[in-house]
Amino acid sequence: MFSNSPFESIAKTMKENAEKFNPAASQEAFKPVMEQLKAWGDLAQKQAQVAQAAVAETVESFKSIKEPQAAFEAMKASAENGLAMATKNLKDVTALGFEQFHTSFDALQKAHPAPEVFANVGKGLKSAASTMETAMESAMKTGASAVKKARGG
């Protein structure tokens, strides 16, 4: 009968493999992940700063408004700015996501034991990703165009 608990088995495996652990290699392997996380953090920070500036600008524009028509025009301009900002943010997020997909896939192909065999699979997946990116861009343009028509622009 098996006498080891799952925890003993895990501890044994960790102990046996601890000697093989190479901190420098692990850091190097983790570097692309950190770069990707940093890119997302930078993008989020940039988008937050732009949104904050837009809100401040809207608040300032409302301070001087005296009549209802001017308030309506200011709200309309704010909504248009918000839509443009959301569209740009979505485009930026989409572009970064697909860029990182391609980069990760290139790294995976490079590290694969038989990169030449993996190349065709990679080519097909990257082509599919590019098609998806184009479709998303087209959908965003169509949506923005529909909103523009609906508001009479």
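Q: Why is Lys46 called partly exposed?
A: In this predicted model, Lys46 has a relative accessibility of 41%. Buried would need a value under 20% and exposed a value over 50%, so Lys46 lands in between and counts as partly exposed.

Q: What makes the pair Lys46 and Asp92 a salt bridge?
A: Their side chains meet with N and O 3.9 Å apart. The cut-off is within 4 Å, so this pair makes it onto the list.

Q: Which parts does the pair Lys46 and Asp92 tie together?
A: Lys46 sits in helix α2, while Asp92 belongs to helix α3 (residues 68-111), so the bridge ties together parts that are 46 residues apart in sequence.

Q: How do you know that Lys88 forms a salt bridge with Asp92?
A: Look at the closest N and O atoms: they are 2.8 Å apart. That is within 4 Å, so the pair counts. Both residues lie in helix α3, 4 residues apart, which is about one turn of the helix. As for Lys88, its relative accessibility is 44%, so partly exposed is the right label.

Q: What joins Lys46, Lys88 and Asp92 into one network?
A: Salt bridges that share partners do it. Asp92 pairs with Lys46 and also with Lys88.

Q: Why is Lys38 called exposed, and Asp42 partly exposed?
A: Lys38 has a relative accessible area of 53%, and the bar for exposed is over 50%, so Lys38 clears it. Asp42 comes in at 37%, which is between the two cut-offs, so partly exposed fits.

Q: What makes Asp42 and Lys38 a salt bridge, and where do they lie?
A: Their closest N and O atoms are 2.8 Å apart, so they meet the 4 Å rule. You'll find both in helix α2 (residues 23-63), 4 residues apart, or about one turn of the helix. A search of the whole structure finds 5 salt bridges, this one among them.

Q: How do you know which kinds of elements the protein has?
A: Just count them: there are 4 helices and 0 strands. Read from the N terminus on, the order is α-α-α-α.

Q: How do you know how the protein compares with a compact globule?
A: A compact globule of 153 residues would have a radius of gyration near 15 Å, but the protein has 25 Å. The box filled by its C-alpha atoms is roughly 85 × 35 × 35 Å along the principal axes.

Q: How many of the 153 residues are buried, as a percentage?
A: Buried residues make up 12%, and the label calls for under 20% relative accessible area.

Conventions. Residues are numbered from 1 along each chain as its sequence is written. This is a predicted model: local features need pLDDT of at least 70, side-chain atom pairs count only at pLDDT 80 or more; totals for chains, interfaces and linings use all residues. Side-chain values use heavy atoms; hydrogens and water are left out. Helices (H or I, at least four residues) and strands (E, at least two) are DSSP runs, numbered from the N terminus. Buried means under 20% relative accessible area, exposed over 50%, partly exposed in between (1.4 Å probe, protein chains only). The radius of gyration is taken over C-alpha atoms; the globule rule is 2.2 Å times the number of residues to the power 0.38.
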